[in-house]
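Visitor: I am in my first year and would like a close look at a single part of this protein. Could you take me slowly through the aromatic pairs and whatever lies around them?

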Amino acid sequence: MNTPVVLKFGGSTFRTPDTYRELAEGLDERLRREGRPMAVVVSAMQGETEGLRARLHEVDDRPGPETTAGLLTTADLVSAHLLATALHRRGRRAVVLAGHQLGLTTNASFLWARVTRIDPGPLRRALSEHEVVVVPGGQAVDAEGRPTWLGKNSSDLSALAVARAVGSRSCEIHSDVDGIYTSDPHLITGARMLREVSYNMAALMSLYGAKVLHRRAVQLALRHRIEIVLRFNRAPYTAGTTISGAGTQAAAVVFNQRSVVLDYPDETRADAAHHAFHLEGLDVVRLNRRPSVAVVGGYVDTEGVQHRHGVVPGRVAGVPVAEMRGSKVTTHVADGGAEALHLAQRLHDGLDFPAPRAGTRVGVGAT
């Protein structure tokens, strides 16, 4: 069997049912062109996961993590079956491998689970019998076979785990942003694409809130030297940034308006809070100029986590904005989401970039 192609498509790819037919057409063309089997990881349709979360909270405003994981992961499974159906319609042999069939085992942290074992057998058997294996992103099981979730926006991590399992040296990640930029190109004027980024730089940007790629996916890629190619999620699927060992450090301003800084009375209690969030598998940064932590990415019951670990909840201080110059990071704190946006624009305007060459893409409009 030829080495499979491993592709991932984020939730922004699937805005309407027609987009599944459009993607199936693109995959069909690539199968004809390359003749290699495909493992395709998909996220839920845009808004579906959060719709399920809202319905769950209508029933119980603080549901258990096991129940939450069991429900939220179904959104990605629906998406996988819709794509498989669109591929069947084009005459392709496609099958869905859900979390309990995939060979990914995690710890029992149900909402932010960490992969502990990858069994390549199920994927390799499925790829030997089908042209396309569709995998719902973020799904796995713990050692007892209970559904676990790799976390919000974890389809990237699923894709890298699949690439590792099937022996692929490359993984293509498709989203509504075709690469890593010096800041969020949807929000910051003048953001510039970085064509080559090192694993370490990509992981650092993800840790501080860059939404283009899951941090643990980058770490898995680094451990196994799997190259990541970021592409736009519409035909002709233009490639933007390549993440590998050859990339360079860069200057950037990273923020996520859902992230939050929590202040504590002293360093000891800030350390305890950082440890608690870390144990839950969350992306958290211990700030070094104040007794504070930054919980990155949102969708976290911060009070619930702190109560579970016996930590007195910290005071919400604002939104972190990270100014990065290579490996040096300075974290600023804005009062709220709107203030974070203004601060990020001001900091980005102050970065010293070389003049763009002719043909270099700058900002959203040129992507």
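Guide: What follows starts from the aromatic pairs and then moves outward to the loops and helices around them. Please keep in mind throughout that this is a predicted model.

A pair of aromatic rings is described by the distance of the centres and the angle of the planes. How many such pairs does the structure hold? There are two aromatic pairs, and we can take them one after the other. F9 and Y237 make up an edge-to-face pair, with 6.2 Å from centre to centre and 80° between the planes. Where the two partners sit is worth a careful look, because F9 belongs to strand β1 (residues 5-9) while Y237 belongs to the loop between β13 (227-232) and β14 (239-244), so the pair ties together parts that are 228 residues apart in sequence. Are these two residues buried or exposed? The cut-off for buried is a relative accessible area under 20%, and F9, at 2% relative accessibility, counts as buried. Y237 counts as buried too, with a relative accessibility of 17%.

In the other pair, F14 and Y20, the ring centres are 4.4 Å apart and the planes meet at 5°, so this pair is stacked. F14 is buried, with a relative accessible area of 0%, and Y20 is buried as well, with a relative accessible area of 2%.

Let us stay for a moment with the loop that carries Y237. Most residues other than glycine have a negative phi, and most peptide bonds are trans. Against that background, Y237 has a positive phi of about 55° although it is not a glycine. P236 is found in the loop between β13 and β14, and the peptide bond that leads from A235 to P236 is cis, with omega near 10°.

A positive phi also turns up at R225, where the value is near 55° in a residue other than glycine. R225 follows helix α9 and is found in the loop between α9 and β13. With a relative accessible area of 48%, R225 is partly exposed, because it falls between the limits for buried and exposed. One of the residues that touch R225 is G245, which also touches Y199, when residues up to four places away in sequence are not counted. G245 has its place in the loop between β14 and β15 (251-255), and at 52% relative accessibility it counts as exposed. The C-alpha atoms of G245 and E196 are separated by 9.5 Å, although these residues are 49 places apart along the chain.

Helix α9 itself (residues 215-224) has R215, R216, A217, V218, L220 and A221 as its buried residues. These buried residues pack against α7, α8 (199-207) and β13.

From α7 we can step to another helix, since α6 (residues 121-129) and α7 (residues 155-166) pack at an angle of about 75°, with their axes 9 Å apart. That angle makes α6 roughly perpendicular to α7. On the side of α6 the contact is made by L123, R124 and L127, and on the side of α7 by V162, A165 and V166. Sorted by class, this contact has five nonpolar residues, no polar residues and one charged residue. The buried residues of α6 are G121, P122, L123, A126 and L127, and they pack against β2 (38-42), β3 (94-96), α5 (99-102), β6 (132-136) and α7.

Finally, we can come back to the stacked pair from its surroundings. L83 lies in helix α4 (residues 74-89) and, at 0% relative accessibility, counts as buried. Leaving out residues up to four places away in sequence, L83 touches Y20, L23, A24, L27, V40, V42 and V134, and Y20 is the residue whose ring is stacked with that of F14. By contrast with these contacts, the C-alpha atoms of L83 and H57 are separated by 29 Å, with their positions 26 residues apart along the chain.

One more ring deserves a mention here: the charged end of K152 sits over the ring of Y299, 4.3 Å from its centre.

Methods: Residues are numbered from 1 along each chain as its sequence is written. This is a predicted model: local features need pLDDT of at least 70, side-chain atom pairs count only at pLDDT 80 or more; totals for chains, interfaces and linings use all residues. Side-chain values use heavy atoms; hydrogens and water are left out. Axes are lines fitted to C-alpha atoms, for helices over the stretch in contact, and angles run from 0 to 180 degrees between N-to-C directions. Helices (H or I, at least four residues) and strands (E, at least two) are DSSP runs, numbered from the N terminus. Angles under 35 degrees count as roughly parallel, over 145 as roughly antiparallel, 65 to 115 as roughly perpendicular and the rest as oblique. Contact means heavy atoms within 4.5 Å. Ala, Val, Leu, Ile, Met, Phe, Trp, Tyr, Cys and Pro count as nonpolar, Asp, Glu, Lys and Arg as charged, and the others, Gly among them, as polar. Rings of Phe, Tyr and Trp (its six-membered ring) pair if their centres lie within 6.5 Å; planes under 30 degrees apart count as stacked, over 60 as edge-to-face and the rest as tilted. Buried means under 20% relative accessible area, exposed over 50%, partly exposed in between (1.4 Å probe, protein chains only). A charge sits over a ring if NZ of Lys or CZ of Arg is within 6 Å of the ring centre and within 35 degrees of the ring normal.
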